[in-house]
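Open your viewer, show the chain as a cartoon, and keep the selection box handy. We will go from one stop to the next.

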Amino acid sequence: MSSSNNDHPTRKDWLKLCYMGLYLVGLFWIIGSGIYQFIDLSLEGSNKNVQDERMDGDETQVQKVSKEPTLTSLIVQPLAESEKAKIVFEHLGYLLLLLIFFLLAPIPLERMKRFKLMNFEFEKESAEQDVAERITIQQNKFAFLIDWLREENTDKFLRITRVHTSYRAFLTEMLNEMMEYYRKDDIFFEFDIKTETQFRKNHSDYPRIVRNSLNVAASLGLAIPINKENDRHIYFKNYMIHTIKVKENVYTDEETVVTYVIILHSYRTTFDEYDGQLLAGIASLTYELFQKYHTLAAINDIN
C-alpha cells in the first residue's frame with residue numbers, strides 16, 4: 001500500500017541540473033578552444049619557419065651582440081612574445097571566470113550560512129536562525145502525536161464507521177494524517193505498509209541498504225533513517241524503516257500475529273531520529289486505537 005503526494009524532484013533540482021550542464025558546456029568549450037588555437041598556431045608556425053630560415057641567415061650573425069642575460073630576457077620576454085603562452089594565459093583567465101561563476105551561482109539555490117571567496121564574504125542566514133527553525137520543526141512534529149493522545153481526538157477517531165478495520169487500514173489513516181500535517185511545514189514524503197513476507201519477497205522495490213536494515217529495525221524496535229549520501233542526487237530517495245508486530249484478528253478464533261514493515265521515502269525530506277520516534281509512537285498509538293475499536297465493537301455486538 002502506497003500513498004502519493006507532492007514528493008518529487010523540485011524545480012530547484014532542475015535548476016541545479018541546468019546549472020551543471022552550463023558549467024560543463026563552458027568547461028569543454030574552453031578546453032576545446034585552447035586545443036584548436038594551439039593546433040592552428042602550430043600549423044601557421046611550421047609554414048612561417050620555412051620562409052624565415054632563408055631570410056635569417058645573415059641577420060642572425062649581425063644580431064649576435066654580446067649582451068649579459070637578465071631575468072626579463074630569459075623568462076618574461078619569451079613568455080610575452082610567445083603566442084602559445086598568450087593562449088594558455090587567456091584560457092586560464094576563462095577558467096578562473098568559470099570557477100567564480102560556479103561558486104557564486106548556487107548561493108540562491110542552497111541554504112548557505114556563509115560563503116567566502118578571497119576577500120568577498122556572503123552570509124545568508126545565521127546559525128542561530130537555523131537552530132531556531134529546526135527546534136520549531138521538531139516541536140511541530142511531536143505536537144502532532146500529542147494532539148492524537150488527547151481524548152477528544154481519539155474518541156472522534158473511534159466513532160468513525162469503517163468498512164476496512166484491519167490494523168493496516170488504521171495505520172494508513174494515521175499516516176495520511178501525519179503526511180498532511182507535515183505538508184504544512186513544506187515537508188513531503190510517501191509511505192508503504194507491507195507485511196514482512198511481502199517486503200522480503202519484493203527485493204527490487206527498495207535499495208539493498210534498506211532491505212538489509214530490516215533485521216536491525218526489528219531487533220531495536222526503532223525506526224531507522226537511511227538517507228542518501230549526497231542531496232544533489234535528486235533521483236535517489238531518503239528512507240525510514242520501522243517494524244511492528246500486531247495481533248490482527250484479536251477478537252476472533254483465528255488470531256494471527258503479523259509483522260508489518262512501514263517504509264517512509266522521499267526525494268527531498270531528510271529523515272532523522274525525531275521522525276523515527278514519531279513514527280514509532282504513531283504505530284504504537286494506532287495499535288492501541290485498533291484494539292480499543294474492536295473492543296467497543298464487540299461490546300456493541302453483545303448489547
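Why is strand 6 largely enclosed by the rest of the structure? Keep that in mind while you get your bearings, and remember that the model on your screen is predicted.

**The whole chain**

Start with everything selected. The secondary structure comes to ten helices and seven strands. The chain has 303 residues, and 33% of them count as buried. Color by surface if you like: about 20200 Å² is exposed, with carbon and sulfur atoms supplying 57% of that area. For a look at the contacts, take those with a separation of 6 or more: residues 24 or more positions apart account for 66% of them.

**Stop 1: strand 6**

Now select residues 238–247, which form strand 6. Here is the reply to the opening question: eight of the ten residues of strand 6 are buried, so the strand is largely enclosed by the rest of the structure.

Add residues 224–226, which make up strand 5. Strands 5 and 6 pair in the antiparallel sense, over three bridges. To see one facing pair, show I226 and Y239 as sticks: I226 stands opposite Y239 in strand 6.

**Stop 2: Y239**

Stay with Y239, which has its place in strand 6. Is Y239 buried or exposed? Its relative accessible area is 10%; the limit for buried is under 20%, so Y239 counts as buried.

Next, select whatever touches Y239, leaving out residues up to four places away in sequence. The selection includes Y206, P207 and V210, a run of I224, P225, I226 and N227, and also I263, L264, H265 and F271. Then put a distance label between the C-alpha atoms of Y239 and E190: they are separated by 9.7 Å, although the two residues are 49 apart along the chain.

**Stop 3: the second largest pocket**

Y239 also takes you to a pocket, as one of the residues lining the second largest one. Select the others too: P207, I209, I226, N227, K228, E229, H233, F236 and K237. The volume of this pocket is about 220 Å³. Color the lining by residue class and you will find five nonpolar, two polar and three charged residues.

**Stop 4: strand 7**

Move on to residues 257–266, strand 7, where nine of the ten residues are buried. Strand 7 has antiparallel pairings with two strands you can show next to it. With strand 6, the pairing runs over ten bridges. Two facing pairs to pick out are T243 opposite V261 and I241 opposite I263.

With strand 4, residues 190–195, strand 7 pairs over six bridges. Here, T195 stands opposite Y260.

**Stop 5: strand 4**

Keep strand 4 selected and hide the rest for a moment. Which of its residues point one way, and which the other? E190, D192 and K194 point one way, while F191, I193 and T195 point the other way, and all are buried. Bring the rest back and you can see the setting: six of the six residues of strand 4 are buried, so the strand is largely enclosed by the rest of the structure.

**Stop 6: two loops**

Two loop residues round off the tour. The first selection is K184, in the loop between helix 6 (167–183) and strand 4. With a relative accessibility of 67%, K184 counts as exposed. Label the C-alpha to C-alpha distance from K184 to N140: it comes to 9.8 Å, across 44 residues in sequence.

Then select T269, in the loop between strand 7 and helix 10 (273–302). T269 counts as buried, at 11% relative accessibility. Which residues are in contact with T269, leaving aside its neighbours within four places in sequence? They are I187, F188 and N238.

How values were computed
Residues are numbered from 1 along each chain as its sequence is written. This is a predicted model: local features need pLDDT of at least 70, side-chain atom pairs count only at pLDDT 80 or more; totals for chains, interfaces and linings use all residues. Side-chain values use heavy atoms; hydrogens and water are left out. Helices (H or I, at least four residues) and strands (E, at least two) are DSSP runs, numbered from the N terminus. Buried means under 20% relative accessible area, exposed over 50%, partly exposed in between (1.4 Å probe, protein chains only). Contact means heavy atoms within 4.5 Å. Accessible areas come from the Shrake-Rupley method with a 1.4 Å probe; for residues, only the protein chains shown count as cover. On a 1 Å grid over the protein atoms alone, a cavity is a set of points where a 1.4 Å probe fits but cannot get out, and a pocket is an open set with protein on both sides within 12 Å along at least five of seven lines; lining residues have an atom within 4 Å of a point. Grid points are joined across faces, edges and corners, and a volume is the space filled by probe spheres set on the points. Ala, Val, Leu, Ile, Met, Phe, Trp, Tyr, Cys and Pro count as nonpolar, Asp, Glu, Lys and Arg as charged, and the others, Gly among them, as polar. Two strands pair if DSSP finds at least two bridges between them.
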